[in-house]
Amino acid sequence: MPVVRGKNIEPLFTAEQIAERNHAMAREIANGPTKDLLVIAVLKGSFIFAADLIRALHHTGLAPEVEFITLSSYGTGTVSQGVRIVKDIDSDVHGRDVLLIDDILESGRTLLFAKELLFERGARNVTIAVLLDKRVKRKEKLEADYVGFECPDYFVVGYGMDVAYAFRELPFVGVVTGDA
Ligand code: IMP
Ligand code: MG
């Protein structure tokens, strides 16, 4: 089992499994609405997935514009949770087909906020691609259009995702199981 920062990390989805799914997802995306396609990666967690998925899109013949938005959720427990824009996109989304890319769909708050924001700004179509769907944690009525893998209810790290700023660099998705 890989050991990083003195912790055992049990792989859940390997680099090979992820790469294969990314190419399959790119083909699904290419069959959807892609006129004047604008891809928006939701930072920070999606940065590696987005980089791989965008290059897989190239292999399907798509040539999207690529943008980034940094979103952050606030509030915990009993305090009502909200989402705020830490850094916005620069492009005008009016009339565009937009594909949002994120690492995990959990409560759905982050991506619902982003989807509504883009529709308010006049996007023609907004679809969502996520690497992982943690369905049991859903709080909002929101589904992703493209899902890499259904994710069990573990806190996962790697492939862009962190716990306390660590483990984003792992080439696979895994679970921290304890001290090595
Ligand atoms: P939600 O759908 O608004 O609840 O938020 C999902 C976001 O929370 C994701 O984009 C991740 O950034 C973060 N997140 C949720 N679950 C995990 C996890 O298991 N590991 C790392 N980040 C997570
Ligand atoms: Mg995120």
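In this predicted model, L132 offers a convenient place to start looking around the interior. Setting aside neighbours within four places in sequence, its contacts are F13, D103, I104, L105, F149, C151, V156, M161 and V173. L132 is also listed, together with L99, L131 and V173, among the residues with the most contacts inside the largest nonpolar core, a set of 30 residues. At least two residues of this core come from each of α1 (15-30), β3 (37-43), α2 (47-59), β6 (97-105), β7 (125-133), β8 (146-150) and β10 (173-179). The largest share belongs to α2, which supplies seven residues. A second core, separate from this one, holds 23 residues, including I40, L71, V98 and L118. In soluble globular proteins, nonpolar side chains tend to be buried together.

Stepping back to the whole chain, the protein contains three helices and 10 strands, arranged along the sequence as β-β-α-β-α-β-β-β-α-β-β-β-β. Its radius of gyration is 16 Å, close to the 16 Å given by the globule rule for 180 residues, so the protein is as compact as a globular protein of that length. Along the principal axes, the C-alpha atoms fill a box of roughly 50 × 45 × 25 Å. Among contacts between residues at least 6 apart in sequence, 68% join residues at least 24 apart.

Turning to burial and surface, 48% of the 180 residues count as buried. The exposed area is about 9200 Å², of which carbon and sulfur atoms supply 52%. As for charge, there are 21 positive and 26 negative side chains, and the centres of these two sets lie 2 Å apart.

Notes
Residues numbered from 1 in each chain as written. Chains lettered and ligands numbered in written order. Predicted model: local features only at pLDDT ≥ 70, side-chain atom pairs only at ≥ 80, totals over all residues. Heavy atoms only, no water. Helix = DSSP H or I, 4+ residues; strand = E, 2+ residues; numbered from the N terminus. Rg over C-alpha atoms; globule rule 2.2 N^0.38 Å. Buried < 20%, exposed > 50% of the residue type's maximum accessible area, 1.4 Å probe, protein only. Contact = heavy atoms within 4.5 Å. Areas by Shrake-Rupley, 256 points an atom, 1.4 Å probe, with all protein chains shown as cover. Lys, Arg positive; Asp, Glu negative; His and termini not counted. Charge placed at Lys NZ, Arg CZ, Asp CG, Glu CD. Core = buried A, V, L, I, M, F, W, Y, C linked by side-chain atoms within 4.5 Å.
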